Every structure is written in C-alpha cells, then in structure tokens.
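Q: Please take a close look at the part of this model where two of the chains meet, and then at the aromatic rings of the structure. I would like one connected account rather than a list.

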Number of protein chains: 4
Amino acid sequence: MAGAFRHRYTSAMSGGTDRRAAWRVNLGNVIYDADTPAGRAFDLLLIAAIVLSVLAVMLDSVSGFQRRYAAPLRDLEWALTVLFTAEYLLRLVSARHPAHYARSFFGVVDLLSILPAYLALLIPGAQVLLIVRVLRLLRIFRVLKLVRYLSEARVLSRALQASLAKIVVFLAVVLTLVVLIGTLMYVVEGPSNGFTSIPTGIYWAIVTLTTVGYGDIAPRTGWGKALASLAMILGYGIIAVPTGIVTVGLTQAHAERRHEDGTSLGARECSRCGLKAHQSDARYCRRCGEALPKVPPASGTG
Amino acid sequence: MAGAFRHRYTSAMSGGTDRRAAWRVNLGNVIYDADTPAGRAFDLLLIAAIVLSVLAVMLDSVSGFQRRYAAPLRDLEWALTVLFTAEYLLRLVSARHPAHYARSFFGVVDLLSILPAYLALLIPGAQVLLIVRVLRLLRIFRVLKLVRYLSEARVLSRALQASLAKIVVFLAVVLTLVVLIGTLMYVVEGPSNGFTSIPTGIYWAIVTLTTVGYGDIAPRTGWGKALASLAMILGYGIIAVPTGIVTVGLTQAHAERRHEDGTSLGARECSRCGLKAHQSDARYCRRCGEALPKVPPASGTG
Amino acid sequence: MAGAFRHRYTSAMSGGTDRRAAWRVNLGNVIYDADTPAGRAFDLLLIAAIVLSVLAVMLDSVSGFQRRYAAPLRDLEWALTVLFTAEYLLRLVSARHPAHYARSFFGVVDLLSILPAYLALLIPGAQVLLIVRVLRLLRIFRVLKLVRYLSEARVLSRALQASLAKIVVFLAVVLTLVVLIGTLMYVVEGPSNGFTSIPTGIYWAIVTLTTVGYGDIAPRTGWGKALASLAMILGYGIIAVPTGIVTVGLTQAHAERRHEDGTSLGARECSRCGLKAHQSDARYCRRCGEALPKVPPASGTG
Amino acid sequence: MAGAFRHRYTSAMSGGTDRRAAWRVNLGNVIYDADTPAGRAFDLLLIAAIVLSVLAVMLDSVSGFQRRYAAPLRDLEWALTVLFTAEYLLRLVSARHPAHYARSFFGVVDLLSILPAYLALLIPGAQVLLIVRVLRLLRIFRVLKLVRYLSEARVLSRALQASLAKIVVFLAVVLTLVVLIGTLMYVVEGPSNGFTSIPTGIYWAIVTLTTVGYGDIAPRTGWGKALASLAMILGYGIIAVPTGIVTVGLTQAHAERRHEDGTSLGARECSRCGLKAHQSDARYCRRCGEALPKVPPASGTG
C-alpha cells in the first residue's frame, strides 16, 4: 500500500524537466522531501497537526465533551483548516505538475480534508460532511516515506500481491460457504429464533466463521446448535488457510528481497569450475579453491 | 475443490470419439468452453443471471421487501427459471455424453436449480423447497475454469489434501477434548447456570475452543470460570495447530508445483536421456551420467 | 499423544519371554492386534459400542429425552457395561503382563469405564459418578494404532514436544500479562461495572486475549474501553506467536521424518569426489559423473 | 524480554573488580546465582513466596473471602512483606554495584513490591496502592535465568525484534483502518443503535477486527450489518498477517541460532584460519582457500 503511495509520489515528482522558479523548487524540497532538516521539521509539524485534528473530530462526536468545549473545538478546527488549506495551496504551487498532484491519491485526500469545513459553512445541512475530515488520517502514510519502514511495507505489500490469486479463490469459497450455511440456518432456526431472513442468516454465518461471535443472534434449537457446531469447526480449519497463504507469500517476498540485495547465496560464480551459491563472505571457491571474483557493489537496500 | 470440479468436467468432455452433429459441437463449444469470444460472453451472462437469481432468493426472504415487491420478484424468478431450464436442456443436448453430464456434480446442481420452481407450482406445500435455489451459487465455480485462478485453486486443494491425515488426527483430538470439557462443565456448572445437558456443554465447548464465544451460555460459578479459563488457553494453543498444518502443506504444494514446472532445480535438460530437474550445481546427468549443458542465463522469476 | 499411548502398549507387549498358554496368546492377538481379520472386526465392534455408549451418556443428560426413554437407556447401559466388563477381564487374562496392563493409561481408563455403573448400584448417592463413563471416549484412541494416522500423529506430537520449551516461555508471559491486565481492569472499572474482584478481572483478560469474547463482562467506562482496546491489539499480536512456534516445529518434524525415511537429499556419498546431497533418484554423481552407490534399503516408514 | 533482563543482570554483576567482603560475595552467590544448591533452594523458596503473595492479593479482592479471612490474610501479607523487605536489603548489600541494582528493572520492581504495604500504613487513603503488589509476579521472570528456557526466550525475543519494523507498519495500517471503519459505522448506525460517538465506533471496530466480538455493541441496521460483514472478512485476512510475520521471524531466528552453534552448514573448521560454518559440500576454506578436513561422520541431530 505504502509502496503504491510512494510510486505515485515519485512519478509525480520526476517526470519531465523542471521549469519552476527557484523559490518553488526550494519550497517543494521542504514540503515533499524529508532528507533536509527543514523538510523533516515540516513533516513532524504536519503529523502533529493531523493527529490533533483527528482527535478533535473524534472528541467532537462525544456528546458530553462537545457540549462543554464547543467553542475551543470550533476554534481549533478553523485554525487547522486554515493551516491545511495553506498547505494544500503551497503543495499545488510547488509541485512540478500541479494538475498531476491535484488528481493523485494524496491530492484528493488533501482536498477532502479541507473541503467539508467550507461546505458546512455555506450549506446548513452539510454538517454531516464534517465526518469526512477523519480521512486526514490517511495523510500520515505520506510520512512513511521518511523511514526504513517503507522497505518493510514493500515486503508486506509484495507478499500480499503475490498471494492475491490464492486469496481471491479462498474468498470465493468462503463467500459461497457463508451463503449456503446462512440459508441453511434460516431454514433450520426460522424467524422466531432471530434468523429473520436469509441476509440475516448470512450475517450470522460471517460473524460465526470469522470467530467474531457477537452473540446478538445465536442458534436456539438443537438442530441449529448442531449445525452451528459444524460451521464453527469448519471455520476453525478455514481460518488457517489465509494464514498459510500469507506466511508462504512473506517467505517468498523475503527470499526475493535477499536475492535483490545480492546477499543471498549464489550471486557470484567461480571462474574456474563455474560453481555458484557461495556464501556471502566467501573469497575462495569451496569446490576447487580458486579465488572468487570480488563482491559486486551492494545494489541498494532493495 | 475447483480442481475436482474441473476434473469431472474434462473427463466428461474428452472420453470417446465425438459422434455429435456439427451444430451440437459448436453449441458445446459456446457453453462449455471459455476460450472463444462467444464462450466468454455466455459465461459472463450466466454469472450475471446466477448472481441476480441468488439475490432475488435472498430478498424474497426479507419480509418487508417481499410484501412490497412480490409481483416483480415472482416475474424475475420465472424469467430466470425459464432461462436456466433452457440452459440445462442445451447442456444436455450439446454434451458429448448427456447421461454423463446429468449424473455429474454440476449436472445435479443444475437440475436442483430449476426443479424447485416447478415443484412449488405443482405441490402447494413445496414452497419451502424454493430455498434450494440458493444452490445456484455453486454454479459460479464452473466459471473458475476461465482463469488462472484454477492453478491457485489446485495448489490450495493439493495442500489441503496432503494435510488431510494430519487434519483427521487433529479433529479426533479436538472432538474428544470438546466432549470431555463439555461434560466436565455440565457437572461443574449444572443446569441452573445454562448448562442444561451434556450436548449443551459440548456446544459451549465448541463455541469456546473455536474462540467464537457468543456468550449465550457462559460460566457463572468460580470453578466454572477457572475451568473455562483453562479451556480457553488450551484452545489458544490448539488453534495454532491447523494453521501450522496448512502452512507446511502449502509450502510443500508450492515446492511441488515449482518442481513440475521445471523452474526450480535448474531448467536444464540432459541431451542424452532428456531428464530435467537437475540441481543447480549439477554438471552430469544424475540418471545417465552424461555431461549437462552449461547453465543458461537466468531466465526470469519463474 | 497417540505416540505415547502406543509406546506404553508395545512396551507392555514385548518385554520378557512369553509364558502364556496358546489360547491366551491367540486371544491377545485378537484383542491387541489389528492386522488379522478377527482383530480388525473386534476393533470395529468396540468402536461402535464406545460411540453408542457415549451417545447414551449424553442423551441421558437431556431431561426431555431421559424422561421418555429411561428404561431403554438403562437397559442399553447395562448391556454395554457387561460387554465392557467382559472385555476388561479378557484383556487382563490375555495380556502378557496383567499387572502392567492394569496400571497402564488404558488399563485405568478401561476400569474407570465400568466401575461407576457398579458403584451407582451399591451406593445410592453415586449417580453423579456415571458421568465418568464419558471417559470411554478416550478408548477410541487405542484404535488409532490401526492405521497410517499414527505416523501423522507422531509428526504432530513430535512438533509439539520440540516446541515445548518455547510454549512454556510463551505461556509464562501470557499468564503474567493476563494477571497484570486483569488487575488493572479491576482497578479501572471497579465492582460496579462487573469487575467484582481480581480473579474476575483475570477471567475477563483471558476471555479477551484469547479472542473468545463472551461479552458477559465487558468494559463500560471510557478508560476501561481504551485499556481493553490496547489489550485486544496486544492479544492480536500474541495469538500469532503460538502459531509461529507450531509452524516452525512442524516444518522441522517433517524434515526429520524425511531424513529418517532416507528420502531427503544427502543419504548417499559419491565414492570418487565425496559429494553428498544427491537427489533421491540419482544414479550418477552430479559433479564428477561417477556411478553412485545403490540406494540403501528404505529403513521403514519412520 | 528475558534476554534483556538477563543482560541487565549480568552487566550489573561483571563490571569492575570485586571489592566486596567475602561474606557479601557468598551471599550474592546464593541470591543471584542458581548453579549452587543453596542458590537453587533460595530461588524455589522465593517463587513459592511470590505465588503465595500474589494469590493473597487476588483473594483479598474477592469480597466474600476477604470478609471471612481478613485477619489471616493481613498476617500473611505482613509476613511476606517483611520477608521481601529483608530480601531487598540483602540484595542491596550483596550486589556488586548497589546503586546499579537499585536503578535496574528488577530493582525497581522489588521496591514497588514492598513499598505499598508501608505507605498504606502511613497514609490512610493509600489502600488502593496495595494493588501494586501484583507486580511481584514480574519477579518470577528473574528465575527464568535458572534454566534452558532462557535460550528459547531469546529465540522468541529475537524473532519479535527482527519483525519489529514490519509489525509497526502493520499496526499503522490496522489503526488507520480501525479509525476509518469506526467512524463509518458511527455515521451509518448512529447513536440510537449504541454507536454513541466516534471513539465508541473505534472501540467496536477493534473488538470486531480482533475477532473478540463481545456483542455489547453490535450493528442493528441492514447497512450496518453489511458494513460489519465486510469489516469482519477484512479482519479475517488481516489476522493472518502478524502470524505470517512472526512465523517468518521465528524461522530466521532459528536459522541464525543454528548458524551460531556451528551445527548447520558443516561442523568443520579450517585448519589454517579456523573459520567455521562451511557449506556441507565445501572442500576448500572460503576465506583462505586451504583444503578442509574431510566431512566428519554425522554427529547426531545437532
């Protein structure tokens, strides 16, 4: 996920030659880059503002809190909205391709973060839109570009992508099971026991097979309990499948990363006997004793 | 699962010489095959009809919806039933071995998808049979033959089959535990706390060990809670076992697929006896001792 | 588990020379051995009787059923008790070491299966002991010796034994966490919200960390919910640990079994260059082309 | 965790030359060391006292029990407090660096274990502090130094540390999901269905995604149930990710331990430069090119 984010970000930054004025380039470095002290300070400030803002949206929904602190909450919200508006405009101005930025994932999220406040001012009934501001949380992921976590995020995301086909097959089987079990329970238990319709039965089946088990609907008849027991034991086995899929995917993604880093066995070949798969610190061929070629320069963190 | 389905399908299609008329062969290609544009269009239409039909069955069970839209639902249902009947007859006609098809898994499912509607017309009390139409959902799996998902489904199904013996042992242990714990809780808590019989205790034990935890029955005495705590911690460890089994099975199924594809263990082939799957550092064929060709340039991710 | 059972069984059978009369040896073969037709028939009959007996104990606890079928249930119970008593005496008579058998795990289970019926006859208040008969279920595991499942059971049991030390460390951490979290919740929520004592808090913590979540006790205050949220996310990560432990243990147990079977790479060594790790079907050394020694005779199923 | 504990312990013990009197050295051996009979006896006594003390704190919170056994509980508590105080003073006296010990993790825990009892005596309102005594439980981990469990604890802790970056990424994604889903449910269900505020919605989302599922808050509207179903199936897939992370981490930690033990990759050592950990088929040292000794006869399971 973060990998996809960063891809958009870099492609928005690197395409074409730079025709911006010097101050816009400098501004862009502060805003988009985290390698300079100014850029890092900007990022940390932004994270603080985002967290504060999301906390304000949350607390605003707690009725007791809202009644007592209505005024400070409104003031804080407006201060942050103005701040985020200024940031959005600066991003637009300093981006290499403003239109590109405005249509990118984070460009839309940035706009959605400030628009509701203005709309609620203009249209009286648009108060409910304010909830959209919680999307600001997504902007924190932009800062993940800062750190080594990106590499880990890419391993995770690659593992999930590699397992996608298997996960789709698995989901198709689970959804079919859920519909069949839910329908069966609707027939067995009936509306008088809470299974008022087939969709309700399917909802119960999902709650059960995922082992969430709220208990708002539960079988009451003997046959219903027997069927539910079978479904639970089935779900028990089924929950093991995605775990296995992800584990295998992660193992392979790790192996690929090691391979790319050149740290896996086998990047070099003996010039005399052709043996490969030498250990990373080997200087002589383990089969014929020939000196090995030097290690190629490490090709980045992968 | 999908692997087993396809097996039946292909065995129904390829046995014996083809004695059908040309139009029946062409019709069979459209209906059974997904590689032609007509075949793909037919499959997509069918999926849409199935999904629509299952949605109609679901909504029909929602009392509020059913009362308001009784007429359109009935009309839709009859249109789809006529469509599926026509499809069933066409499949029968165009199959290489009609009797074979009629007795196959999907042949029975196809029949069960249309029969209830006619039975409900003839026999007044057979309304409840209409629920059987939800089985139409299974027919979607026939379309899985379309795509690359089949290969993934086969890996999953092979992993589960290879783990079958271990899963049987595991289930035997779990069922014994569930009976013993359920009986013990029946003795400790007693009928006055909701554990009205041993089967109820076993139902509680299944709900608990699978971590579903509805809460419709829960221990109330101190000893009952202590025993339940032990059972939960036990279940905690137990749930790890099927996951481990499936993960190991999946890892092995993957290794086998790589082996079959000839992409692991060296893509090279012995020039004398044609044996493949040599180890990456092999210089002589392991079967006939012939010198192998040199390692080809790394041919991609495989 | 089954491995441990079988160990006791074989050690009870093979120690010392056989001083029993011929009819006792033959009887022992029928009772303890499953390789002869008579032995297999005896085992199947026994499983049927055990399942019937456990079902009778279960149904006996369902009050509606018990009232209606009191007489047949009692008759069935006595018939089975007489049968099991006869079996116990025959086992005692035909065992190589009767005292050894009587003190073995299954010897005690066999005795516990029949004793309660006689005690309930003698002592009026011993009715509750009848519940002990459900232990008869354990005797089914004796029949696992019949089949190839034993090998799988041994892999599972070896994986769990190898992981034992890690599981103990894990359980120690979990129990400490559970006590600390439970105490904290008792302080935060207090008796008025259902957390009536520290043991109750610990019970809640176990129900939560194992993701069972009955809902009979749930946090009601804001701080309680915040703390519970932290505990749940913690439990989320913690549940991954036993799974990882078991998966790694299973992978190693599999590798060991392959090794024992002689099917793993590397059982043979080239007599010219000393290379090992040949594929199982290799006939020539992959490095120097020398003919390999013949495969050693397969050393059993491990 | 235990690894970190032990690190502190040994660094507190080994730094600098020993300037303590002989009796303090002997005392320190008994208290800090478990290899002598006196040290082992001391440790076992301490574990018994800790378990007894924590049980007393627990039972003290059960109102029925507390009322009946107030006097003996108070006496036991004071006896144990005096014992732990003596132990703390002896540890201070016999430690190589008393100040070092007092500021170490276990030094603080030891102090927190005895302080509340004295504070409750001095300050009337400090009764609630007595709950802090449950922290005594942590002291049991000190005894883990006794046994081979330490090695396993280190493998576990290394696996978790290696996976830390991935776990942080995963938690960031989960927390964002939880906030977005919780807010969405607050909008969809509304306060009249129990979702009284956004924090409540987030609490519900955590309860659901972790599959705990208390059922104290559950969706009641159709759209809410549909959204909850999606969230549950999402959570189903998500719960597989930490498991995969930990499994991969554990596999690597195991491989590293084998590597360090020198039991994998060939137990042989280069006779010129002394390098170990050669690959199993190596004939020349990979560092200096010297011919390696022949493979030793397989030295057991390693």
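A: In this predicted model, 55 residues of chain D are in contact with 55 residues of chain A. Between them, chain D and chain A bury about 4700 Å², and 70% of that area lies on carbon and sulfur atoms. As for charged and polar links, the rule finds zero salt bridges across the interface of chain D and chain A, whereas three residue pairs, both residues at pLDDT 80 or more, are found in polar contact across it. On the side of chain D that touches chain A, the elements that give two or more residues are helix H9 (164–189), helix H10 (198–209), helix H11 (222–238) and helix H12 (240–261) of chain D. Of these, H9(D) provides the largest share of that side, with 13 residues.

Turning from the interface to the aromatic rings, a search of the whole structure finds 20 aromatic pairs over all chains. One of them is formed by A:Trp78 and A:Tyr118, whose ring centres are 5.9 Å apart and whose planes make an angle of 65 degrees; because planes over 60 degrees apart count as edge-to-face, this pair is given that description. A:Trp78 belongs to helix H5 (residues 70–94) of chain A and A:Tyr118 to helix H7 (residues 105–122) of chain A, so the pair ties together parts that are 40 residues apart in sequence. Each of the two residues can also be placed by its accessibility: A:Trp78 counts as partly exposed, at 27% relative accessibility, and A:Tyr118 likewise counts as partly exposed, at 30%.

A further edge-to-face pair is made by D:Phe195 and D:Trp204, with 5.5 Å from centre to centre and 65 degrees between the planes. Here D:Phe195 is buried, with a relative accessible area of 0%, and D:Trp204 is buried as well, at 1%; both assignments follow because buried means under 20% relative accessible area.

Aromatic rings also appear in this model beneath charged side chains. In chain A, A:Arg139 lies over the face of A:Phe84, at 4.8 Å from the ring centre. In chain D, the charged end of D:Arg139 sits over the ring of D:Phe84, 4.9 Å from the centre of that ring.

How values were computed. Residues are numbered from 1 along each chain as its sequence is written. Chains are lettered from A and ligands numbered from 1 in the order in which they are written. Side-chain values use heavy atoms; hydrogens and water are left out. Rings of Phe, Tyr and Trp (its six-membered ring) pair if their centres lie within 6.5 Å; planes under 30 degrees apart count as stacked, over 60 as edge-to-face and the rest as tilted. Helices (H or I, at least four residues) and strands (E, at least two) are DSSP runs, numbered from the N terminus. Buried means under 20% relative accessible area, exposed over 50%, partly exposed in between (1.4 Å probe, protein chains only). A charge sits over a ring if NZ of Lys or CZ of Arg is within 6 Å of the ring centre and within 35 degrees of the ring normal. Contact means heavy atoms within 4.5 Å. Buried area is the accessible area (1.4 Å probe) that two parts lose on being put together, summed over both. A salt bridge is a side-chain nitrogen of Lys or Arg within 4 Å of a carboxyl oxygen of Asp or Glu. A polar contact is a pair of N or O atoms within 3.5 Å; within protein, one must be able to donate a hydrogen and the other to accept it, and residues adjacent in sequence count only if both atoms are side-chain atoms.
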